[in-house]
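Take a moment to look at the whole fold before you zoom in. We will visit packed helices, then the empty spaces among them.

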Amino acid sequence: MKQLIVAPAPHAHSGDTVRKNMLLVILALMPAYVVSVIEFGFGALITAAISVAACMLFEWLITRFMLKEPTHLDDCSAILTGLLLAFNLPSNLPWWIVIIGALAAMTLGKMAFGGLGQNLFNPALVGRVFLLISFPVQMTTWPRPMGFAGSYVDAETGATPLYYLKQMLKSGDNSALGELPDLMQSFLGAMGGSLGEVCAQALIIGGIFLICTRVITWHIPVSILATAALFAACTGLCGALPEGMTTGQYVLYTLLTGGMMLGAFFMATDYVTSPMTGWGKIIFGVGIGLIVMVIRTWGAYPEGMSFAILIMNACVPLLNRIRPRRFGEKKK
């Protein structure tokens with residue numbers, strides 16, 4: 001006997017599937033990944049391959065042998081988690097640490113909550129923060145761009161632009177100003193950092209692609225970037241910048257360096273861990289922008305995007321309560 005499934009309206013289907021959206025996000029990440037491979041060489045290839053393979057393996061093992069459920073690797077969510085985790089790692093990170101990060105991402109960040117669609121925190125960022133706390137030296141040893149021929153473990157290392165900005169803001173000494181890449185280099189990707197920090201241009205192209213294909217909306221990226229830019233502008237107007245740096249330069253360095261673009265377009269916009277309503281998304285993005293800049297300005301770390309997103313992930317259940325009143329409903 002054929003059963004009928006009765007459900008409330010609406011009954012229209014947009015044609016979107018989890019697999020389709022995951023593949024579109026992966027496609028949007030490809031320009032930035034190509035640039036990271038060009039800049040860091042085989043290290044970027046190896047790190048991403050290990051991260052993706054490990055995430056897929058751990059999801060399959062947990063689903064098959066612990067949850068006793070059919071595996072869903074074909075939805076490509078594990079592939080995307082592995083790729084995003086790799087984007088948050090140095091390209092010279094030892095392979096076994098990458099595997100530990102993938103294990104933390106899939107167990108603590110995703111499968112412990114029941115799998116896709118049930119996790120409270122972004123799995124890739126859970127893995128990244130777990131590694132940052134457990135292996136701080138390896139996670140903050142950044143390779144310099146050396147071209148495609150760059151090696152994996154013996155890459156030349158150096159500080160990131162955010163580190164120099166942090167030191168100048170704390171001390172007021174502008175001696176490190178010459179160590180900063182120029183703004184065009186920051187835009188095109190010729191600077192040290194993780195795989196997802198090297199090319200703001202490629203990340204912006206990918207983000208615009210996601211907005212145009214309606215995989216994400218503008219609310220979160222725009223609110224994050226606008227809040228961070230406004231905070232940086234206020235910092236400059238208050239005279240807190242080192243001599244020789246203008247407010248405009250500081251605003252652009254704030255937006256183009258570190259994980260700002262990756263976090264705004266690809267990490268904070270995760271469907272499961274971000275709010276459902278427009279106003280909720282805007283408040284979510286403003287909160288992330290403020291926390292990032294507070295950490296960058298006064299915190300111990302030069303970068304704060306991962307912590308900011310995870311903190312605001314915890315606020316999503318509250319933000320989802322912000323809903324428009326139904327027609328005719330009286331204000332309480």
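A cavity is a set of grid points where a 1.4 Å probe fits but cannot get out, and its lining residues have an atom within 4 Å of a point. Keep that in mind for later. The model you are looking at is predicted.

Start with the helix pairs. Two packed helices are described by the angle between their axes and the distance between the axes. Take α1, residues 18-40, and α3, residues 77-87. Their axes lie 10 Å apart, at an angle of about 25 degrees. Angles under 35 degrees count as roughly parallel, and therefore α1 and α3 are roughly parallel to each other. The crossing of α1 past α3 is left-handed. On the α1 side, the residues in contact are Met22, Val25, Ile26, Leu29, Met30, Ala32 and Tyr33. They meet Ser77, Ile79, Leu80, Leu83, Leu84 and Phe87 of α3. Sort this contact by class and you get 12 nonpolar residues, 1 polar and no charged ones.

Now move to α9, residues 200-212, and its partner α12. Here the axes come within 9 Å and cross at roughly 15 degrees. That makes α9 roughly parallel to α12. This crossing, too, is left-handed. From α9 come Ala200, Leu203, Ile204, Gly206, Gly207, Leu210 and Ile211. From α12 come Met261, Leu262, Phe265 and Phe266. The contact of α9 with α12 divides into 9 nonpolar residues, 2 polar and no charged.

The next pair is α2 and α4. Helix α2 covers residues 42-66, and helix α4 covers residues 95-107. Their axes come within 8 Å and cross at roughly 40 degrees. That makes α2 oblique to α4. The crossing is right-handed. In α2, the contact uses Thr47, Ile50, Ser51, Ala54, Cys55, Phe58, Glu59 and Ile62. In α4, it uses Trp95, Val98, Ile99, Ala102, Leu103, Met106 and Thr107. By class, the contact of α2 with α4 has 11 nonpolar residues, 3 polar and 1 charged. Can you pick out the charged one? Glu counts as charged, and Glu59 is among the α2 residues in this contact.

So much for the helix pairs. Now look at the spaces. The largest pocket has a volume of about 460 Å³. Which residues lie nearest its centre? They are Met22, Leu80, Asp270, Tyr271 and Val272, out of 25 that line the pocket. You have met two of these names before: Met22 of α1 and Leu80 of α3 belong to the contact between those helices. The elements that give two or more residues to the pocket lining are α1, α3, α5 (123-134) and α12 (260-267). The lining holds 15 nonpolar, 7 polar and 3 charged residues.

How many cavities of 30 Å³ or more does the structure hold? There are 3. The largest cavity has a volume of about 110 Å³. It is lined by 15 residues, and the closest to its centre are Asn88, Glu197, Gly259, Leu262 and Ser306. Leu262 is also one of the α12 residues that meet α9. At least two lining residues each come from α5, α12 and α14, the last of these at 305-313. Which element gives the largest share? It is α12, with 3 residues. By class, the lining of the largest cavity has 6 nonpolar, 6 polar and 3 charged residues.

Finish with the second largest cavity. About 60 Å³ of space lies inside. Its lining consists of Leu162, Leu165, Lys166, Leu169, Tyr250, Thr254, Met293, Arg296 and Pro302. Three elements give two or more residues here: α7 (161-171), α11 (247-256) and α13 (278-298). Helix α7 gives the most, with 4 residues. The classes split into 6 nonpolar, 1 polar and 2 charged. Lys and Arg count as charged, and the lining includes Lys166 and Arg296.

Note on methods:
Residues numbered from 1 in each chain as written. Predicted model: local features only at pLDDT ≥ 70, side-chain atom pairs only at ≥ 80, totals over all residues. Heavy atoms only, no water. Axes fitted to C-alpha atoms, helices over the stretch in contact; angles between N-to-C directions. Parallel < 35°, antiparallel > 145°, perpendicular 65-115°, else oblique. Left-handed = near helix turned anticlockwise from the far one by under 90°. Contact = heavy atoms within 4.5 Å. 1 Å grid on protein atoms, 1.4 Å probe; cavity = no way out; pocket = protein on both sides within 12 Å on 5 of 7 lines; lining within 4 Å. Points joined across faces, edges and corners; volume = space filled by probe spheres on them.
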